Structures are given as structure tokens and as C-alpha cells.
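Subject: Structure handover

Hello,

Please find the structure below. My notes on it follow, starting with the DNA contacts.

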There are 4 protein chains.
Amino acid sequence: MSAAPRTARGTRTRAKLLAAAETVFASVGYHDASIVKITEAAEVGLGTFYLYFQGKQAIFDEVVEDLNRRVRHAMTEAAKSAGNRLEAERAGFKAFFRFTAQHPALYRIVRQAEFVSPGALRMHYTRIVNGYIEGLKAAQATGEVRPMDPDVAAWALMGIGELIGMRWVLWEDDTGAQPVPREVPDHVFEEMMQFIERALAPGQPHGTEGQPHG
Amino acid sequence: MSAAPRTARGTRTRAKLLAAAETVFASVGYHDASIVKITEAAEVGLGTFYLYFQGKQAIFDEVVEDLNRRVRHAMTEAAKSAGNRLEAERAGFKAFFRFTAQHPALYRIVRQAEFVSPGALRMHYTRIVNGYIEGLKAAQATGEVRPMDPDVAAWALMGIGELIGMRWVLWEDDTGAQPVPREVPDHVFEEMMQFIERALAPGQPHGTEGQPHG
Amino acid sequence: MSAAPRTARGTRTRAKLLAAAETVFASVGYHDASIVKITEAAEVGLGTFYLYFQGKQAIFDEVVEDLNRRVRHAMTEAAKSAGNRLEAERAGFKAFFRFTAQHPALYRIVRQAEFVSPGALRMHYTRIVNGYIEGLKAAQATGEVRPMDPDVAAWALMGIGELIGMRWVLWEDDTGAQPVPREVPDHVFEEMMQFIERALAPGQPHGTEGQPHG
Amino acid sequence: MSAAPRTARGTRTRAKLLAAAETVFASVGYHDASIVKITEAAEVGLGTFYLYFQGKQAIFDEVVEDLNRRVRHAMTEAAKSAGNRLEAERAGFKAFFRFTAQHPALYRIVRQAEFVSPGALRMHYTRIVNGYIEGLKAAQATGEVRPMDPDVAAWALMGIGELIGMRWVLWEDDTGAQPVPREVPDHVFEEMMQFIERALAPGQPHGTEGQPHG
DNA sequence: AATGAATGAGCCTTCATTCAT
DNA sequence: GATGAATGAAGGCTCATTCAT
């Protein structure tokens, strides 16, 4: 059985395990991440693991939860210090990509969750999307964003961030070799923001046929 | 060692194995899909598997390749019969979602590929994205789409399709229960197309730079 | 290292552990009885266990010893208040079955002892059998019991009590469901006593050698 | 999953495992009998075990069943060749003790079954006892055995055999050292038979008080 | 006196793969 | 071409015991 630590030492040990798990899951994936690897990375005895976690799934769920909390925190913090909606949006995405670069675990782990812990997977996406929805609703209220179903737009934004991040943060450029995390190139970021801004902007769309159609 | 089948009977056996593998991978994921399960589903002896495939990874790669070919085929076929770019785009996404609904394996398998076969993962995304890039370039040439980096836009489209598909095709509405594949609701599809059209349309965006757009 | 308690508090703690051990051993058996379970049942810290007992085996031996002492005490006390040998015998068996009903642990634990602690097993049986031997010898001296090897008879009595007790005290009637401890039914007890009395009674056996017994 | 062997080779392998299991269970007991020990004794790969048995419990149950069948077979065979009831009885017990001597596993395993597999435990005792009951009923019909509840008598006989066997077949004489299986000494056997004959013989018991009690 | 965090040997079990038939 | 018996590395997990507090 697992239990919450009852001493300072225990708290430290538990934290070490959680951190190690993030690293191990990120580098070899869920299935090749053995408890032994995790405890070795944490420099802790094998049995110690089971003092604080029920098993592999349990620590996986906690890692996902933890990463999710942190990425959302990073995003909202970044957005807070922005002057207007647009800046907030840029700051949010920047923070998202930066976090992705620093914690490739986020991506790699979440994509595994489909079969490992469907609940964790949904939790992750839903929470972030809910943040977008809030932002979009607020912006709609002030007219900064055109009338639209914020739900659909939010999932679209999530998707854009997800794949742009995958492509430019996690994948190395051309070779299929080991991915080296890094920032999204500036021009890609700007193009992406353009894409999003136009999608959300109020007013008539400008003639997809070159003409307003109506 | 594996080998290409040399008789009609062998060809049939190989095909049965491939089909069984798609089903098994889709329902239990890569790691819980044992060779025994696959051969049982294919109604074939265990040893027979190794007559046609080098191992588990090898058949996985082939399944991904196969699904990828089929989804692209479905998309291009659908687009072909469209009258103009916009219709082609709609038809392409429709086909993509329909395929997703009919072959949840695509999603489930691809998301596993991150650690199982990174090459297959990249192949899958890259090929689809390349299709988008072609389409965007052509549309830019005729002025139907505004000047932009088609690479970035293509990945954005891929992301939108991916997450909208995940959310509305694979997930059941609110409960965390077993997902029931189905079509994307009409209004979601329309909202999504609006989003995309505005993002791609030529002309000035409206009031996103703080200017009054009166 | 373990040690005898040096304070009243310590004595109490030790007793709590012993009582808890009896319960736990009886309900889940030796191997599934973990020290943690015992200390939890005793409401004592895990480490405390090793203050009073050298290990799992040690406390097991003590539990067996304790139960053995108590069952023999119950048997001799019951026999004491009897008027004659026959009554004493009846009272002894009655007490044995009653104890078995109240402490199923005795049975369950002893049967495990074969591999856990062969010494404890022998001690248990030998002590009880020695009691029988004493009784038989005394009865032989007065002619109440026929000449015979008291050793063999004593082990036979032990066996009779053991299996009759197992069958009618520990097992529920016909179903394989959870055993419900209870008393031996009267008629079974009487039949058993008949069996024993005839086996021990002095005089010629009747017609077992093929002679007509007139 | 386990399965019945489908080839001659498989049948041989399964039998080797069963024989090895009997030996291992008998020498170290259920809990210290690991699958590794069993497969090593059977000179078979570890994984092979799970081709034929679901797990440790499953093979344990089969070993008990097998031993039970064999001991009953030995007993009935021996009894068959006897001229009369008394001889049959003697032959049965002799066979029982001989089997015990040659297969100490029977004893040792059954005594463990209490917690390991209560069903197997009951099966074992019940089947043997049922044999006794049949015999007693038949003898009662011919008047060779006095009127009595054959159920109670049968369990008493079982108990006598069990403990006499334990004491003189399995235990070494005085030391607590490793038990060396051997036959029951003649005089013990004769005393035991005397005990039983008197218990079962028809006719008045001879004055437990030295007198018929009227 | 009492506690509980930490440890690691050892157990059961699965499964990809080989090979003799 | 097809089969399935055999293998053993590797993984998740338990638990008796030690030791610092």
C-alpha cells in the first residue's frame, strides 16, 4: 500500500521519486520505464517506491497531473503580465512552447496515456482547453474576438499548439535521429500567431474567393 | 527470418495477419498486443507469424504504413470530386474524420508510435502534412490563399484535424466511459471550417492590431 | 534483538502483540501474516515488534506454546472435577472440543507448523499425548483399562480427537463454505466415546477372531 | 493460460512437472516451493511451467488429487487380496502406512492445504473416509461390526491412521532431527489393530468398571 | 520505549522468439 | 507452408528486518 509521507525525510523521498519518474517516462516511455529504473534514477531503494506509490500507473497519473498543473501555471503566469489580449495570447503560447522544450516529458507522456490512463489523458487536454475557453469567452465579451463557438476554437488552438510544438520543438530538423528539444523558430511562431489572429479576428472574412460572398 | 509469400495461400495468410494486427493494436495497444493474440485473431499458428514478419515492430510499422496510405487515399479521393478549393478542403476533412470514425486504430496506433517506432510516427504525419502543403501552395498560386509559410499552416491544419477528431470523433461526450466512434457534429464541423477559412483567406485582418477597423 | 519487557507498559505491549499474532495467524495463516499486519492489529509501531520478538518464527513458536498450554490447562481442569476415569475422559474431550471451537487458531496454526517450526509441532502433540499416557497408565494400574501399550493408545486417542474435531467443529456440514466453529453434536460425541471405551475396556473382545461368542 | 498437452512430448513434460512438484512440495512445503525450484527439478524451462499449469495453486491441487487417487488405489488393491474383513482392514492400513513412507509428500502437503487450498484438503479426507464408511457399512450388514454410526467411526479410523502414521512413519524416534521415513514398527501396528478391533467388535463391552453396568 | 522510513532478495508471471516436426 | 512446445530475460511487487530519530 502507498501512503502520504509522515516525515520531512519521507516528503523529500517522495519528491525525488516523482522527479525521477518524469525523467524516465520522458526518455524511454511508459512501458520501458521500470520501477527499478525509476528508483535508480531517484537513488532510492526499490522497495521504497511502494511506500509512496501504489504502482507504476499511480505514479504515472501523478506525473501527468503534476506536469499539467505546471504547464497551466506557466501559461497563466505568462499571460498575466501581458498588456492586452493579443499579447496575452502570444505570451501563453510562448510559455507553452518553452515548457515543452524544458519538459519534453509532457508531450511524450501524454501521447502514451491513451492506453495507459485514458482518464489522465482527458484530464490533461480538458484542463488546458478550459483555459482557452475562458480566455475566448472573455475576449468575445469585449468584442476582441468574433462570435463563434469557443469550444471548437479552443480545441483548434490546442491542436495547433500541439502539432507545431511537436514538429518544431521536439523533432530535430531533417534527420530522424534523436530529437533535441529547442525553441520554436521566430518566424514559425509569427506565422502561427498570424494564422490564429486571422481565425479569431472580428469582422467579415476577406473573400475566400477574392470577394465577399454575400 | 521473414519472407514475402510465394503462394496464393501464403499471400492470404499474410493479409490475415496484417488485418488481425490492426484490430489487436487498436483495441489493446502495442504493448498488450502479444503475437499470440494476433495469431489467434488471424486463426493462424504462432510460428506462422515469423514466416511473414520479422517481429512485432515490423508488423506494427506495416500497419501504420497501411493505415496512412488508406487515410491519404480517402482524403485525396474525396477532394478530387470537389469543384473548388474550399469544397476540396471540406471534403478532405470530412473524409479524414470519417476514416477516423471507421478506423479508430489510426489514432490509437499513431499515438503509441512515439516510443515504439518514431520513424513510423514521423512518416505518418509528414506524409499527410505534405499533402496539405501541396494544396496550400497551389491555392496560393491562384491567390485563393493569402501569402504565408505553407509549412506552418499545414502543421496547424493537421493539429486542428487531430484534436477536433480526437475530441468529437473518439471521445464520448461527457462521461469517461468507453468511447463510441461517430461523426463530428455538423455545427462543430462548420465552426471549424470557418476558423480555417478565416485563417487562410487573403486580405487584411480586421482590428487585430488595435486599429479601428471602421 | 529482542528482550523481556522491563516496565509495565512494555509487558502490556508484548501481550498485545502476542494476542494480535494469534488472531492474525489464525485468520490468514503463517505466510500471509506479515509483521505489519500483526503490529497493526496490536496497534503498535512496526519497529516495536522487534523490541520483544526476534522475528516472525519466534512469535509463532510462542503462540503455539501459549495455545498448547491453554488447551492442556482446559483439559486437565475439566478432568479434575470428574468423579471417575470415564467421566474424566469425557470431560477432557469435551474441553478439547470446546477449546477448538473457541480457538480455531489452535488447529490452523498447528497444521502450518509442519514446515514453519517442526519443533513446535512436535512439542504440541507430544505434550498432549503425554497427558493421555499418564492417564492411561494410571487407569491400567487400577485395571480400568486393559493391558496395552499406552503410547500407541495415546496417539490413537489424539488422532481421534483431532479428526473428529476437524470434521465436526471446524467444518461446516456439507458445503465447502466458510467454516463456522461450533460444538460437536451430542450423538457424534457419544458415538466417539463408545468407540473409545470399547477400545480401552478390559476383557475379551467379542468374535473378532472368528470364534462364535456364544 | 494453461492447456492440456497436444503432443506426446507435451504429455511427458507435464508429467515431469507434476512429479517434480510432488517432490519439491514434500521437501520444502508449499510456500518455499517456488516455480523455479519445480522447473529445475523437472529439468524444464521456467516458462514451460505456465504452458501446463495456471500457477502454483493449480499444480498443488493436482498433486493432492493425484496423491489422493494413488493412496486410495493402493489401499483398495491391498484390501482386495485379503480373505476376510479383518485381513482387509490390516492390509488397508499397511498399504496406507507404506504409501506414507514412500510418499511423505502426502502428509506434508495435506497439512499445508488448510490455507492453501481448503477444497483440496476436504476432498482428500472425505474421499478416504468415504472408503472407510463403505467398508464399515458392509461389515455391519454381515454382523462383523457392531451397530454404530459408520460416519463417526470412519473419521476416528482416519484420525488413528493419521497420527500413528505421523508419529511412527514420519518422525524419527527421539531426536528432533530430520525425519527419516520408514515403516510402522510391528508391535505398534499390532497394538493399533487391537485398539481398532475392540472398538468395532460386536457384543457387550466388557465392564469398563470391571462389571457390566446393567 | 516506541516509531516508521528504507532496503533488496526473491517471488510469480508474461511474452517475443526459436526450432524441431 | 504451417505448427506449437520450449525458453529465459525481465518486470511488478511483497515483506522481514534494520536503523536513525
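In this predicted model, an N or O atom in the side chain of D:Y50 sits 3.1 Å from a phosphate oxygen of DNA strand E. The protein backbone also reaches the strand. A backbone N or O atom of A:G45 is 2.5 Å from a phosphate oxygen of DNA strand E. For A:G47, the partner is a base nitrogen of DNA strand E, with a backbone N or O atom of A:G47 at 3.0 Å from that nitrogen.

There are 35 residues around DNA strand E, and those that come nearest are A:T13, A:G45, A:T48, A:Y52 and C:Y52. Of the atoms of DNA strand E that come within 4 Å of the protein, 62% belong to sugar and phosphate. Sorted by class, the surface near DNA strand E holds 16 nonpolar, 13 polar and six charged residues.

Which helices supply at least two residues each of that surface? From chain A they are α1 (8-32) and α3 (46-52), and chain C contributes α1 (8-32) and α3 (46-52) as well. Chain B and chain D each enter with α3 (46-52).

Next, the relation between the chains. Chain A superposes on chain B with an RMSD of 0.3 Å after a rotation of 180 degrees and 0.1 Å of shift along the axis. The relation is therefore that of a two-fold axis. Both copies use the same surface, as 97% of the contact residues of chain A recur in chain B.

For chain C and chain D, a turn of 180 degrees with a shift of 0.1 Å along the axis lays one on the other at an RMSD of 0.3 Å. Here too the same surface serves both copies, and 98% of the contact residues of chain C recur in chain D.

Last, the domains of chain A. The chain is divided into domain 1 (7-53) and domain 2 (57-200). Taken over C-alpha atoms, the centres of domain 1 of chain A and domain 2 of chain A are 27 Å apart. Their contact involves 12 residues from domain 1 of chain A and 13 residues from domain 2 of chain A.

How much area is buried between domain 1 of chain A and domain 2 of chain A? The figure is about 1100 Å², and carbon and sulfur atoms give 69% of that area. On the side of domain 1 of chain A, the residues that lose the most area to domain 2 of chain A are A:E22, A:F25 and A:Y30, together 51% of what that side buries.

Regards

Notes:
Residues are numbered from 1 along each chain as its sequence is written. Chains are lettered from A and ligands numbered from 1 in the order in which they are written. This is a predicted model: local features need pLDDT of at least 70, side-chain atom pairs count only at pLDDT 80 or more; totals for chains, interfaces and linings use all residues. Side-chain values use heavy atoms; hydrogens and water are left out. A residue is near a molecule or strand if one of its heavy atoms lies within 4 Å of it. A polar contact is a pair of N or O atoms within 3.5 Å; within protein, one must be able to donate a hydrogen and the other to accept it, and residues adjacent in sequence count only if both atoms are side-chain atoms. Helices (H or I, at least four residues) and strands (E, at least two) are DSSP runs, numbered from the N terminus. Ala, Val, Leu, Ile, Met, Phe, Trp, Tyr, Cys and Pro count as nonpolar, Asp, Glu, Lys and Arg as charged, and the others, Gly among them, as polar. Copies are superposed by least squares on the C-alpha atoms of residues with pLDDT of at least 70 in both. Contact means heavy atoms within 4.5 Å. Domain bounds come from an automatic or database domain assignment. Buried area is the accessible area (1.4 Å probe) that two parts lose on being put together, summed over both.
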